[in-house]
Amino acid sequence: MRVGVAGLGRIGAMHARNLARTPGVDEVVLVGRDAGRTEAVRTRLDEQRGGETGWASMSTTVDPLTDVLPSLDGVLVASATDTHADLARVVADSHTPLLIEKPLALGVDELTELSHDLDATGTPIMVAFHRRYDPGYQRLRQHVLDGDVGALRLVQATENDHHALPVDYIPQSHGMWLDLLVHDFDIIPWVVGDPVVEVSMIGSVLDEPVYGDHQDTDTAMVTLRFASGAVGSIGALRRSGAGQDVRLEVIGTNGAFGAGFGPRTPITSTEPGGVAPANPYDTFGDRFVPAFEEEVAHFVRMIRGESESLTPPAAGVVATALAEAAAESFHTGRPVRPRSTASTTRTTTTA
C-alpha cells in the first residue's frame with residue numbers, strides 16, 4: 001500500500017511516522033513544494049526510525065498532488081487550514097481514500113455544502129477528529145451505550161494546553177472556540193448521544209495580552225445544556241504549567257466514568273498519600289499517542305474496505321455549530337442556541 005502525506009509540518013510529520021509504522025503500509029510518499037524541506041522531514045523521520053524494524057519505505061516528491069494521486073492508495077492531508085476545502089475536493093474527485101485534518105471549513109453553511117459535495121463522490125473520507133479513535137473515549141462512549149451511566153445528568157470536560165501558542169499564531173487561530181474547544185464540541189455529543197441545545201461561554205485574558213487584541217481569550221469556561229435537561233461544562237486554558245490536561249467525565253443515575261485519568265494526568269492529589277504525577281503529559285501529541293496511532297490504523301483499514309469512517313465530512317457540522325454559538329455567547333454575554341443541535345448518528349461500532 002502506497003500512502004501520500006501532503007503538508008509536512010508538525011502534524012503531518014507525526015502522521016507520516018505513524019503511517020510508516022502501521023502494518024500494511026509499504027511506502028509513505030512525502031508530498032511537498034520545497035525539495036530541501038521535504039527531504040529534511042524524511043531525514044528526521046529516518047532518524048526516529050533508529051533500529052526499529054517493520055517501517056515502510058519513505059520517499060519524497062515535489063510534484064503537484066494532482067499528478068501524484070493516480071499512484072497512491074490513500075492520501076493524508078495536513079496542510080494549512082485554508083487549503084483543506086480545495087484539496088478535499090481534488091482528492092475526493094479522484095476517488096482516493098482521504099484522511100484530512102480538521103477543519104474542512106470554518107462555517108456551518110460552507111461545511112454543510114462541502115460535506116454534501118464530498119459525500120456525493122462516494123470517496124471514503126475521515127476528518128481528523130482524533131478523539132473518536134482514542135481507546136479511552138471509545139470505552140467511555142460504550143459505557144453510555146451499554147447503560148452503565150444510566151440517565152445522563154452531568155458532563156465535565158477539561159481542555160488545558162501545557163505550552164502557550166506562538167504569539168504570531170494567535171491572530172490566525174480563529175479563536176479558542178474553533179482552534180481548541182472544537183474537539184470538545186465534537187467529542188461530547190458523540191460520547192453522550194444527547195444533543196446540545198444551549199451554549200454559554202465566558203473568558204478572560206490572564207496570560208497573553210495579544211488574545212485581547214483579537215477579541216479572543218486564554219482562560220475560559222463553557223456551559224452546556226443538553227436536550228434531555230442534563231448540563232455540562234468545559235474548562236479551558238491556553239497555558240497550564242501543570243502539563244497537558246485533557247479529560248472528560250460523564251455522570252449519570254447509575255455510575256460515573258471518565259477518560260483521561262491516569263498516572264500522567266497533571267493533577268496532584270492533596271489527600272494523605274497523594275503524589276504528584278511523575279511524568280505529566282507535555283503536549284497534545286504526547287497525551288493522544290494511542291488516538292493518533294489508532295486513527296492512522298483505522299485509515300489503513302478504511303483504504304482496504306475493512307472499516308467505515310467514524311468521522312465523515314459531516315461530522316464537523318455539529319462541532320462547528322457549537323463553536324459558532326460559543327463565540328456568539330462569548331461576545332454578547334448571553335446563552336445561545338446552536339444552529340444545529342443534531343447529534344451524530346449512534347452506532348455500536350467503535351473500531
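How many bridges join strand β1 to β4, and in which sense do the two strands run? To find out, select residues 2–6 for β1 in this predicted model. Four bridges link β1 to β4, and the two strands run parallel.

**First stop: strand β4 and its neighbours**

Keep β1 displayed and add residues 74–77, which make up β4. Begin at valine 3, which stands opposite glycine 74 of β4. Next, show the side-chain directions along β4: Gly74 and Leu76 point one way, whereas Val75 and Val77 point the other way. Each of these four residues is buried.

Now add residues 98–100, strand β5, which pairs with β4 in the parallel sense over three bridges. Within this pairing, valine 75 has leucine 98 of β5 as its bridge partner. To follow the chain between the two strands, select residues 84–93: helix α4 carries the chain from β4 to β5, and this β-α-β crossover is right-handed.

Continue from β5 to β6, where three bridges again give a parallel pairing. Centre the view on leucine 99, which stands opposite methionine 126 in β6.

**Second stop: the parallel sheet as a whole**

Display the six strands together; they form an open sheet in the order β3-β2-β1-β4-β5-β6, with parallel pairing. At the edges lie β3 (57–61) and β6 (125–127), each of which pairs on one side only. From one strand to the next, the twist averages 20°. Then select residues 35–49, helix α2, which packs on this sheet and touches β2 (27–31) and β3. The direction of α2 makes about 170° with that of β3.

**Third stop: the mixed sheet**

Move to the open sheet of six strands ordered β8-β9-β10-β7-β11-β12, in which the pairing is mixed. Its edge strands are β8 (196–204) and β12 (256–259), each pairing on one side only. The twist here averages 10° from one strand to the next.

Inside this sheet, select β10 (residues 231–237), which runs parallel to β7 and is joined to it by seven bridges. One pair to label is threonine 158 with glycine 235, its bridge partner in β10.

**Fourth stop: asparagine 160**

Stay on β7, residues 152–160, and select asparagine 160. Is this residue buried or exposed? Asparagine 160 counts as buried because its relative accessibility is 11%, which lies under the 20% cut-off. Its side chain reaches the backbone nitrogen of leucine 237 at 3.1 Å. Beyond residues up to four places away in sequence, asparagine 160 touches Gly235, Ala236, Leu237, Ser240, Gly243, Gln244 and Asp245.

**Last stop: the nonpolar cores**

Which residues touch the most other members of the largest nonpolar core? Select Trp177, Phe185, Ile188, Val191, Met201, Leu248 and Val250, which hold that position among its 72 residues. Helix α12, residues 315–332, gives the most to this core, contributing 10 residues.

Zoom in on methionine 201 and show its surroundings. Leaving aside neighbours within four places in sequence, its contacts include Met176, Trp177, Leu181, Thr217 and Ala220. Methionine 201 is also in contact with Met221, Val222, Ala326, Ser329 and Phe330.

To finish, select Ala16, Trp55, Ala78 and Phe299, which are among the 28 residues of another core lying apart from the largest one.

Technical notes
Residues are numbered from 1 along each chain as its sequence is written. This is a predicted model: local features need pLDDT of at least 70, side-chain atom pairs count only at pLDDT 80 or more; totals for chains, interfaces and linings use all residues. Side-chain values use heavy atoms; hydrogens and water are left out. Buried means under 20% relative accessible area, exposed over 50%, partly exposed in between (1.4 Å probe, protein chains only). A polar contact is a pair of N or O atoms within 3.5 Å; within protein, one must be able to donate a hydrogen and the other to accept it, and residues adjacent in sequence count only if both atoms are side-chain atoms. Contact means heavy atoms within 4.5 Å. Two strands pair if DSSP finds at least two bridges between them. A crossover is right-handed if, with the strands pointing away from the viewer, the path from the first strand over the helix to the second runs clockwise. Axes are lines fitted to C-alpha atoms, for helices over the stretch in contact, and angles run from 0 to 180 degrees between N-to-C directions. A nonpolar core is a set of buried Ala, Val, Leu, Ile, Met, Phe, Trp, Tyr and Cys residues joined through side-chain atoms within 4.5 Å.
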